[in-house]
Each structure stands twice: as C-alpha cells, then as structure tokens.
Amino acid sequence: MNPSLAVYQGMKRVGINFATSVPCVNLQELLALVNGDPDIIHLPVTREEEGAGICAGAWMGGRRPALLMQNSGLGNCINALASLDMLYGIPLLMVISHRGGVGEPIIGQVPMGRLTVPLLDAMGILHFQPLPAQAEETVAAAWSQAAAARRPVAVLLDLEYWRNK
Amino acid sequence: MKRIEAISLAAEAAAAQKALLISNIGFPSRELFSVRDRPENFYMLGSMGLASSIGLGLALARPERRVMVLDGDGSVLMNLGTLATIAHYAPENYQLVILDNCCYGSTGSQPTCTHLGTDLSVLAKAAGVKKVSLVERAGTLTPALQSHDTVIVVKVEEGNAPVPIIGLSPEEIIDRFIWTSRLRAFA
C-alpha cells in the first residue's frame, strides 16, 4: 500500500472534510491528495498553532478537521491543544510526520524527535504508529476516538513508515 | 473611545446581523459578557492569539453565517501569519475587528509595538488583505462594522472596565454556542 494513499483513504473513510497543513517533505504526496479533493477544504497555514485554531473553529461549524504537520510543529501548538481543544472538548485528528528517529539525516530534527512521544504522553493525547498496511484503518480509528472523546488524537508516521513512498 | 464602548457597538452590530462572535481572551471577553451576552458569543479562555484563526475556520465551515472576531493588538502580534492566511483564504462572511489599545490590557497595560508605531492596518494591507479600514472615532465604527471590510483596526483607549469574570464554564460556553447556533447536531 502506498503510504500517502493509505493515510488519505483513512481520512476519507471517516469523512474528514477540513484540513490545515504545514508541509514536511514526507507529507508532500498526501498534501497533494488532500489539496486536490473537492470535498476537503484545505488551508496551508503559516504555523501549526494557527492550524489548530482554524481546525477548532471548523469543528464548531460542523466540519471534521485534520492538522497535517511535522512533529516539530507539535511544539508550536502545545498551548492551543491544551487551552483550546482540551479545555473546551474539541476533537482534532493530527497526522504527524515524525522526524528525528533512526535514519534521520538532519541533526536538528533529533531533539523534537525524541520528545514527541513524551510530550503527547504528558498531555494525555492518544497516539498511534501504524505501518502502511494498517494505516487506513488506524487513521480512521484515530478520528473516531477523537470525535467520541472530543479530544485531539495523533497518528505518528516515522521515517520507516515513509521508506517505500 | 473606551474599549468597552467599541465592544458594545460591535456586539450590537453582531446581534443585528445574527452573526457568530468570537471574542479574545481576557478583559475583552469579560466586557462583552457584561454588555451583551448571547449564546452566539464564543468566549476564549485560553489559546491567546487564536481568535482570528478560530473565526476563520468557523466562517469557512459556515459560509451562510456572518462571523465577527473581536481581537486585540497583542494577540494579533502573537499570530501575525494569520493576516496572510486571512488575505488569501477568508470568505466574504468573515470580519476581523482588532481593538488596538497599544498594550497588553489584561496583564497591566505593558506597551505593545503598536504603541511604538507598528500599524496593524498597514500590516494587514501588506499581507494582501484588500478591504481594510482604520477607525479612530466611535461615530465611524458602526458603518465600518456594517461594511464588508475584512479587517477593521479600531483605536481604543487603554484600561479595562470594572466587570466581573464570566460566569460560564468552558463546557457551557461551547455547548450553547454550538447548540443554539444550530451549528452541529451531536448524535
């Protein structure tokens, strides 16, 4: 299964129809799929925190939102996740390219790479790390849990995930 | 003009337009709650800087509803990228009202850079927003609010009105906002 298509099909299966994004090289195919989908309103944003805010408003307006970003962006939106989404009970699907692990060529990615899971755990945010073969199902299940619990949920896609893109 | 006067005029315009109103964290939300509470008001209690973004998502999701955002100079300076995003993606039903008192009014009136001359209306235009207005007198605020200007910068005096804190929980704020605005039916 193509790793980008697997994520996209998972989003489609649960009716994700709104997305904000800050790009990662590993997300480029997924971003193209989302951007080309007439049923998804897609906004490329300037910063991940801004994307979290826009997604929160979209959910209040009846949309099913996803934030597509690199894990570096998780650090940029911690306060929004806590004092907007978690405070009011607003669901969000976060599709995160998880850089900074085994095989990472850019040393600057390593600190946030190591901190990503501890940060999510500290915040009590559920996270999933599927392989491409399970990604469609996992992404769909992640949104279902976010919507049911009215909380943000993360799907982490590391370098190994994207190896065969 | 005092900020609470500007908020009062904005709340009146929002009610007349049946607009959804997103209100910035701190004293501005408290002042709005005290002058004109409506279920269509969403009071921010956290996430400083994101009022304009929340309103943008809402306006895109609900193109048939007017959406007004009451924001501040300190908050917009914290999320300046929002002006570029608004310039290119904000729909016609979206209006951002920036109440510029040149300071962080809820934390002791520490000056922001608008106090030193940064002009948010010029920044909005430079970001690509086509319809921008600058309001310096109370008499010209209501016509601006009735226009389809995307960004309105309103110069207001520093200082907070002596108003109580908002007597609603976060759950109450969002649930009545969503339910009474008929935005979303929970299964």
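The crossing of H3(A) and H5(A) is right-handed, a crossing being called right-handed if the near helix is turned clockwise from the far one by less than a right angle, and left-handed if anticlockwise. This is a predicted model, in which local features need pLDDT of at least 70 and side-chain atom pairs count only at pLDDT 80 or more, while totals for chains, interfaces and linings use all residues. Residues are numbered from 1 along each chain as its sequence is written, and chains are lettered from A in the order in which they are written.

The axes of helix H3 (residues 48-60) and helix H5 (residues 78-88) of chain A come within 9 Å and cross at roughly 15°, where axes are lines fitted to C-alpha atoms over the stretch in contact and angles run from 0 to 180 degrees between N-to-C directions. That angle makes H3(A) roughly parallel to H5(A), since angles under 35 degrees count as such. Helices (H or I, at least four residues) and strands (E, at least two) are DSSP runs numbered from the N terminus. On the H3(A) side, A:Glu49, A:Ala52, A:Gly53 and A:Ala56 meet A:Ala80, A:Leu81, A:Leu84 and A:Asp85 of H5(A), with contact taken as C-beta atoms, placed from the backbone, within 7 Å. The residues of this contact divide into five nonpolar, one polar and two charged; Ala, Val, Leu, Ile, Met, Phe, Trp, Tyr, Cys and Pro count as nonpolar, Asp, Glu, Lys and Arg as charged, and the others, Gly among them, as polar.

H3(A) also takes part in the meeting of the two chains, in which 25 residues of chain A are in contact with 26 residues of chain B. Strand S2 (41-44), H3 and H5 of chain A each supply at least two residues of the side that touches chain B, and the largest share, nine residues, comes from H3(A). By class, that side of chain A has 13 nonpolar, eight polar and four charged residues.

In chain B, two residues other than glycine have a positive phi, and the table sets them side by side.

| Residue | Phi | Loop of chain B | Other C-beta atoms within 10 Å |
|---|---|---|---|
| B:Ser47 | near 45° | between strand S2 (41-43) and helix H3 (51-61) | 26, buried |
| B:Cys102 | near 60° | between strand S4 (94-100) and strand S5 (103-104) | 20, buried |

A residue is buried if 20 or more other C-beta atoms lie within 10 Å of its own, exposed if 12 or fewer, and partly exposed in between. Of the 165 residues of chain A, 52% count as buried. Chain A has seven helices and six strands, and its C-alpha trace spans about 40 × 30 × 25 Å along its principal axes.

Key. Angles under 35 degrees count as roughly parallel, over 145 as roughly antiparallel, 65 to 115 as roughly perpendicular and the rest as oblique.
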